[in-house]
Amino acid sequence: MPFLTPVLSATTRADVPVDSLLSADSPRTSGLDRAYIDTLVALEEELPPIVVHRPTGRVIDGMHRLAAARVRGERTISAYLLDMPERNVFATAVSLNITHGKPLTHDDRLAAAARILRESPALSDRYVASVTALSPRTVSRVRRSSVDVAHLNTRIGLDGKRRRADVASVASGRLRAVEVIRQRPEASLREIARLAGISLGTAHDVKKRLLLGMDPVPQGSGAAAERAREPRSEPRPETRIADAPSLRDARERLDRLRKDPALRLSQSGRFLLRGFSVHDLDVTVWEKLAATIPPHCADGVTQLARECADVWARFAEQVEREAQAGEAGQAEPAAGRSRPRA
């Protein structure tokens, strides 16, 4: 199973002869960008190291930097040397190209997702989405439209755990999460996921759907029909915005973050706090706002609100991954992220 983004600071770094390197199995469907290479050649400073698969000598990330080095007439180039199974090289190349340098196009990422699914069909939609910077819904569409992708009954999630992916298991897991949320409204997403036997992303989706008054089992996938067969002792009450514990506690959390010097005194921290401030409204304001939306705008507003919620959910998952990496002492230095990369 390919890992998402390797920690390069913990990897061997060496000067490698330019002529010894093989071209990358690149996710860029249109090839190299000559104008971008010329931009790198014109830079006076040393370019960041490229990434090379040590066993084969194939470039994983940095073909534009390698091309610039050749134009400059350099005989060696600084490189991180990664040891990994060759089957993981492509997914790693996609992940690295997503995080820096010249961005992959949407078509590049769609093609990469299709290939990763063909080679590793057991990976969950959220896993592939995190590698390709697509939404899980888009990856799901790619999976369904690709005849070469094997359809398995289990999926490997972002946490590395394998779970059943058949309709009955998906529906029952989401319904278990609903019961956990009702019995323990203060439970964290991790607790909900653990007690219900579902992924963290699914737990977030269930909680978000309850908050919006939606069915916790998505329609259109067959799971809702399976959910309808589940016995219910009592009707499911309508979820109102004012009843959501997360909104009742949000203002207190935001006040604590605003007082934290680590956020208040940094540019990125202040930007984040401004983003959170958009949601710093009393719950009654949200309910009044919902009542003022014209019917002809309802579809657009609901779709955009859910897409924004999905962006925040992916951001929360990324923050958790970065925090876990930092706790392990493996966080990549931020200094190297500001320089041009390919």
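This is a short dialogue on reading strands and helix packing in a predicted model.

User: What should I keep in mind about the numbering and the model?

Analyst: Residues are numbered from 1 along each chain as its sequence is written, and side-chain values use heavy atoms, with hydrogens and water left out. Because the model is predicted, local features need pLDDT of at least 70 and side-chain atom pairs count only at pLDDT 80 or more, while totals for chains, interfaces and linings use all residues.

User: Is strand E4 mostly covered or mostly exposed, and which strands pair with E4?

Analyst: Strands (E, at least two residues) are DSSP runs numbered from the N terminus, as are helices (H or I, at least four). In E4, residues 76–82, 6 of the 7 residues are buried, that is, under 20% relative accessible area with a 1.4 Å probe and protein chains only. Two strands pair if DSSP finds at least two bridges between them; E1 (residues 12–17) pairs with E4 in the antiparallel sense over 6 bridges, with Pro17 opposite Thr76, whereas E2 (residues 50–53) pairs with E4 in the parallel sense over 4 bridges, with Ile50 opposite Ala79.

User: How do helices H3 and H4 pack?

Analyst: H3 (residues 89–99) and H4 (residues 106–119) pack at an angle of about 150°, with their axes 10 Å apart. That makes H3 roughly antiparallel to H4, a label for angles over 145 degrees.

User: Which residues make the contact?

Analyst: With contact meaning heavy atoms within 4.5 Å, H3 contributes Phe90, Ala91, Val94 and Ile98, and H4 contributes Arg109, Ala112, Arg115 and Ile116.

Methods:
Buried means under 20% relative accessible area, exposed over 50%, partly exposed in between (1.4 Å probe, protein chains only). Axes are lines fitted to C-alpha atoms, for helices over the stretch in contact, and angles run from 0 to 180 degrees between N-to-C directions. Angles under 35 degrees count as roughly parallel, over 145 as roughly antiparallel, 65 to 115 as roughly perpendicular and the rest as oblique.
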